[in-house]
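Dear colleague,

I am passing on a structure that will be new to you, and below it I have set out what was found. Please read the notes with the structure open beside them.

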Amino acid sequence: MHWAHVGLNCRDQRRTEEFYTRWFGFRRARVVPVGDRQIVFLRNGSAYLELFPARDAPDNPGGADGPTQPGSVRHLAFQTDSVDDFLAALGDAAEVTLGPLGFDDVIPGWRTVWLRDPDGVIVEVGQGFRDQDALELDAAHSSDHAAPLSERDGSLHA
């Protein structure tokens with residue numbers, strides 16, 4: 001199994017598409033007409049974003065495939081070589097909501113910033129993250145069973 005895409009509810013699909021193509025290297029992969037609307041798929045390597053037109057009417061709380069209100073995803077995460085270079089290029093194109101923060105105590109060189117896209121979705125941009133090697137994962141898995149659930153959820157930020 002592999003990650004397929006994240007669906008985003010967009011106030012303005014064109015503006016959201018421009019944001020992700022300009023700043024995160026996505027390109028349009030497919031457009032699916034649905035009545036008088038369309039769903040736009042963006043691709044960057046094996047990562048996909050699925051852009052839906054938002055419907056935030058009070059009588060439309062959401063369907064079987066999730067909420068329809070704009071900005072209903074917690075966050076998306078991307079990696080870059082340099083958070084500072086990314087922020088310099090970004091300028092005032094998006095609001096930084098948190099950070100940049102360093103997580104050197106976990107992984108030397110790991111640094112992350114969070115910002116808000118045009119629809120209010122939080123986007124995490126980090127540098128230096130790496131997977132654990134097999135021995136570290138085995139050790140973490142062994143200690144997971146002894147730790148209380150609140151310490152086992154893997155969260156670095158709430």
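In helix H2, which spans residues 83–90, the buried residues include Val 83, Phe 86 and Leu 90. These three cover an arc of only 65° around the axis, and they therefore lie on the same side of H2. Such a pattern fits what is known of helices in general, since an α-helix has 3.6 residues a turn, so that residues three or four places apart point the same way. On the other side of H2, Asp 85, Ala 88 and Ala 89 are exposed. The buried residues of H2 pack against H1, S6, S7 and strand S8, the last of these being residues 122–127. After H2 comes Gly 91, which has a positive phi, near 55°. Please keep in mind throughout that this is a predicted model.

The next topic is the salt bridges. How many salt bridges does a search of the whole structure find? The search finds four, and I describe three of them here, beginning with one that involves H2. In general terms, side chains of opposite charge can pair when their charged atoms come close.

Asp 84 forms a salt bridge with Arg 111, and the closest N and O atoms of the two are 2.7 Å apart. Because Asp 84 belongs to H2 and Arg 111 to strand S7 (residues 111–116), the pair ties together parts that are 27 residues apart in sequence. Both partners are partly exposed, Arg 111 with a relative accessible area of 24% and Asp 84 with one of 44%.

Strand S7 also takes part in a second salt bridge, in which the side chains of Arg 116 and Glu 95 meet at 3.0 Å, N to O. Here Arg 116 lies in S7 and Glu 95 in strand S6 (residues 95–102), so this pair joins parts that are 21 residues apart in sequence. Arg 116 counts as partly exposed at 32% relative accessibility, and Glu 95 counts as partly exposed at 44%.

A further salt bridge is formed by Glu 17 and Arg 28, whose closest N and O atoms are 2.5 Å apart. This pair links distant parts of the chain, with Glu 17 in helix H1 (residues 13–24) and Arg 28 in strand S2 (residues 27–34), 11 residues apart. Is each partner buried or exposed, wholly or in part? Glu 17 counts as buried, because its relative accessibility is 13% and the cut-off for buried is under 20%, whereas Arg 28, at 45%, counts as partly exposed.

Arg 28 leads on to the sheet, since its bridge partner in S3 is Leu 42. S2 and strand S3 (residues 37–44) pair in the antiparallel sense over seven bridges. They belong to an open sheet of four strands, in the order S1-S4-S3-S2, in which the pairing is mixed. Strand S1 (6–10) and S2 stand at the edges, each with a single partner strand, so that one side of each has no neighbour in the sheet. From one strand to the next, the twist averages 25°. Helix H1, which holds Glu 17, lies across S1, S2, S3 and strand S4 (47–53), and runs at about 5° to S3.

With kind regards

Note on methods:
Residues are numbered from 1 along each chain as its sequence is written. This is a predicted model: local features need pLDDT of at least 70, side-chain atom pairs count only at pLDDT 80 or more; totals for chains, interfaces and linings use all residues. Side-chain values use heavy atoms; hydrogens and water are left out. Helices (H or I, at least four residues) and strands (E, at least two) are DSSP runs, numbered from the N terminus. Buried means under 20% relative accessible area, exposed over 50%, partly exposed in between (1.4 Å probe, protein chains only). Two strands pair if DSSP finds at least two bridges between them. Axes are lines fitted to C-alpha atoms, for helices over the stretch in contact, and angles run from 0 to 180 degrees between N-to-C directions. Contact means heavy atoms within 4.5 Å. The arc is that of the directions from the helix axis to the C-beta atoms.
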